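Subject: Structure handover

Hello,

Here is the structure for you to take over. My notes on it follow below.

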Amino acid sequence: MTPRTLLSRPFCFSAGPAALLAGLCMAQTAWADTLPSHQNLPSSQQGKAPPAPKKLPPHSPDWGVFNTGKGAAAGFGTVGGFGQARWAEDWSDIVNTPPEKRKNDWFNRLKYIRLTDKGDIWLSINGEERLRYIFENQPMMGAAGKTNASRVLLRNMYGADLHIGEHIRAYAEFLWGVGGGSNYYGYQTGYQRERLDLQQGILEVKGNLLGAKMGVMGGRQVFLDAPVSMQSARDLTNVQQTWDGFRGYAVWKSFRLDIFDFMQTNKLPQNVFADGTNYNARMYGIYTSTALPTFSVMNQKSQLFADVFFIGYLFNGAPAALPTMTGTQAGSTRRDNAGARFWGNVGPFDISLTGVFQGGEFRPAASQGATRPVRAYAVNGSFGWTAKSLKAKPSIALQADLFSGGSYHSKNGAVGTFATPYFPLPYYNDVTLALTSQNLIGVGPVVTAAPFPDLHLKLHVPVFWRESTQDAVYGTGKIYSYRNNLSGGFLGVTPQTQVAWNFAPHWTWTHDIAGFLASQGMHHAGAKDGAFYMQTMEFKF
């Protein structure tokens with residue numbers, strides 16, 4: 001890290017809020033859920049019997065069986081106190097906390113602010129300060145044009161969640177992202193540097209209808225109801241991936257439905273409040289999930305889900321280009337993803353199996369060839385075991401993935417390369433982003449443990465091959481130039497480990513260490529071994 005380069009960036013915007021919040025937070029103790037207190041119910045509920053306590057994730061809406069996986073089964077991301085999407089949190093449960101417990105955390109006063117005497121209109125405020133340092137000695141397997149790259153990333157993200165009665169909610173979230181360092185790269189994309197702008201802006205109308213909890217959410221929002229091998233919030237960067245459009249959801253007792261139609265938010269403008277809509281990138285579809293009847297295995301409750309979905313992509317530009325023998329072919333494409341997922345737990349065993357067929361078409365740019373059909377597929381699976389009786393609750397799993405490839409020799413046949421234009425979850429396969437979910441086979445163990453309640457460990461060692469030796473090697477947003485000088489399908493190994501320490505309330509210190517060990521064939525083609533280190537200091541309330 002180079003201090004001169006770092007200080008040349010406008011960090012002054014963030015120093016004040018970060019220092020203030022840090023000082024307020026360090027003297028506080030963790031807030032814990034307690035049984036409901038009748039004396040602290042909203043005035044509209046005074047005189048009534050207190051509701052029976054429910055075993056829900058902290059500050060999570062009650063989605064019934066779809067609260068499985070810290071709420072991830074509901075389609076809004078996990079909620080474990082804090083949510084992947086902050087609007088997925090529900091802090092109305094704080095009114096059931098005795099005042100002496102509520103005062104243990106200063107920030108509780110910001111989570112449920114009554115705006116009327118009845119408490120039917122209330123506001124919740126959230127915030128995040130995140131400082132991240134990344135070092136890569138050979139980024140993108142040496143193809144980034146930089147060596148010993150150090151990146152320093154700081155983001156400030158603050159949101160306000162306004163509840164108007166039981167049926168209307170408005171949410172606004174603002175972000176400022178700063179990037180500096182030495183020998184850095186990739187800052188021109190709009191994913192790292194962002195002046196003050198609207199990150200999310202949602203209006204939601206919801207209620208109970210036809211025996212289901214239904215709602216419609218319109219505006220700019222993070223969307224997480226898709227397989228992580230295909231799409232994510234892109235949280236590795238300063239600026240999360242957001243979408244402009246709408247989603248409608250309905251959650252019954254054992255079945256849920258999600259319908260959505262989005263255009264990707266355009267993050268390239270660098271001016272204040274300049275983000276618009278990228279009409280060249282669209283995602284639309286329907287996702288359904290059925291909770292199968294529960295059963296018991298080895299004296300443990302078992303719950304399985306059967307998901308069926310259709311997700312459509314429309315995109316052009318660099319993400320849509322196809323490799324040729326000497327370069328790439330520009331064009332636009334439509335990808336129709338029809339898939340199913342079977343997942344859950346059988347006693348102490350966790351299972352997940354996803355299959356996706358990807359159809360559609362590729363339209364070359366003017367005078368560059370004929371329209372070609374798309375025939376691609378992906379299969380993803382994992383099987384794991386957790387020793388819940390042990391203190392550290394260690395878990396060991398085997399993860400295997402296959403993403404189909406095509407042929408850069410073909411000019412007229414069907415396109416066989418599975419496309420993932422909207423950022424698969426980096427932690428799923430390769431935190432370094434050197435490889436992505438295209439023309440790829442990956443197999444490796446995943447080991448997790450929590451030796452202490454505030455210390456979490458993870459180890460993942462995937463081994464990678466090309467699915468088709470006639471297709472290129474793909475990184476996140478990149479097609480490598482390796483072609484005829486690359487022999488064999490074996491690519492290499494990417495061991496990666498993570499240590500996360502919640503050393504104080506609201507604070508998490510995370511270390512990610514990874515490396516790429518290239519195969520002999522990749523070395524001959526020009527790829528280089530690389531080391532990756534990422535350190536993240538995060539404060540949330």
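Accessible areas here come from the Shrake-Rupley method with a 1.4 Å probe. On that basis the protein exposes about 23600 Å². Carbon and sulfur atoms supply 62% of that area. Please keep in mind that this is a predicted model.

**Overall build**

The protein has 541 residues, and 49% of them are buried. Its secondary structure comes to five helices and 29 strands. Take the contacts with a separation of 6 or more: residues 24 or more positions apart account for 64% of them.

**Nonpolar surface patch**

There is a nonpolar patch on the surface, of about 510 Å². Six names make it up: Leu292, Phe342, Leu353, Phe357, Tyr377 and Val379. Which strands each supply at least two residues of this patch? They are strand 17 (349-364) and strand 19 (376-386). Leu353, for one, sits in strand 17.

**Cavities**

I searched the whole structure for cavities of 30 Å³ or more, and four turned up. The largest has a volume of about 100 Å³. Its lining consists of 13 residues. Closest to its centre are Gln138, Met140, Thr432, Phe516 and Gly530. Two elements give two or more residues to this lining: strand 28 (507-518) and strand 29 (530-540). Strand 29 gives the most, with three residues.

**Salt bridges**

The structure holds 16 salt bridges. The general idea is familiar: side chains of opposite charge can pair when their charged atoms come close. Some cases to look at:

- Glu89 and Arg86 meet through their side chains at 2.5 Å, N to O. Both residues are buried.
- Asp275 pairs with Lys267, and their closest N and O atoms are 3.2 Å apart. Asp275 is buried, and Lys267 is buried too.
- Glu361 and Arg363 form a salt bridge at 2.8 Å, N to O. Arg363 has a relative accessible area of 44%, so it counts as partly exposed.
- Glu128, Arg130, Arg155 and Asp235 are linked in a network of salt bridges.

**Positive phi away from glycine**

Two residues deserve a look at their backbone angles. Met141 has a positive phi of about 60°, although it is not a glycine. Asn299 also has a positive phi of about 60° and is not a glycine.

Where do they lie? Met141 is in the loop between strand 4 (121-136) and strand 5 (149-164). Asn299 is in the loop between strand 12 (295-297) and strand 13 (300-316).

Is Met141 buried or exposed? Its relative accessible area is 2%, so Met141 is buried, because buried means under 20%. Asn299 has a relative accessibility of 80%, so Asn299 counts as exposed, the cut-off there being over 50%.

**Two positions in more detail**

Gly218 is in strand 8 (residues 212-221). What is Gly218 in contact with, leaving aside its neighbours within four places in sequence? The list is Gly201, Ile202, Leu203, Gly245 and Phe246. Gly248 is 30 residues from Gly218 in sequence, and their C-alpha atoms are 8.7 Å apart in space. With a relative accessible area of 26%, Gly218 is partly exposed. That label applies because 26% falls between the 20% and 50% cut-offs.

Ser410 is in the loop between strand 20 (395-403) and helix 4 (426-429). Its relative accessible area is 24%, so Ser410 is partly exposed as well. Along the chain, Ser410 and Asp471 are 61 residues apart. In space, their C-alpha atoms are separated by 9.8 Å.

**Where to start reading**

For the surface, begin with the patch that includes Leu353 and Phe357. For the interior, begin with the largest cavity, at about 100 Å³. For charged pairs, begin with Glu89 and Arg86, which are both buried. For backbone angles, go to Met141 and Asn299.

Best wishes

Notes. Residues numbered from 1 in each chain as written. Predicted model: local features only at pLDDT ≥ 70, side-chain atom pairs only at ≥ 80, totals over all residues. Heavy atoms only, no water. Helix = DSSP H or I, 4+ residues; strand = E, 2+ residues; numbered from the N terminus. Buried < 20%, exposed > 50% of the residue type's maximum accessible area, 1.4 Å probe, protein only. Contact = heavy atoms within 4.5 Å. Patch = residues over 30% accessible without salt bridge, like charges linked within 9 Å, V, L, I, M, F, W, Y side chains within 5 Å. Salt bridge = Lys/Arg side-chain N within 4 Å of Asp/Glu carboxyl O. 1 Å grid on protein atoms, 1.4 Å probe; cavity = no way out; pocket = protein on both sides within 12 Å on 5 of 7 lines; lining within 4 Å. Points joined across faces, edges and corners; volume = space filled by probe spheres on them.
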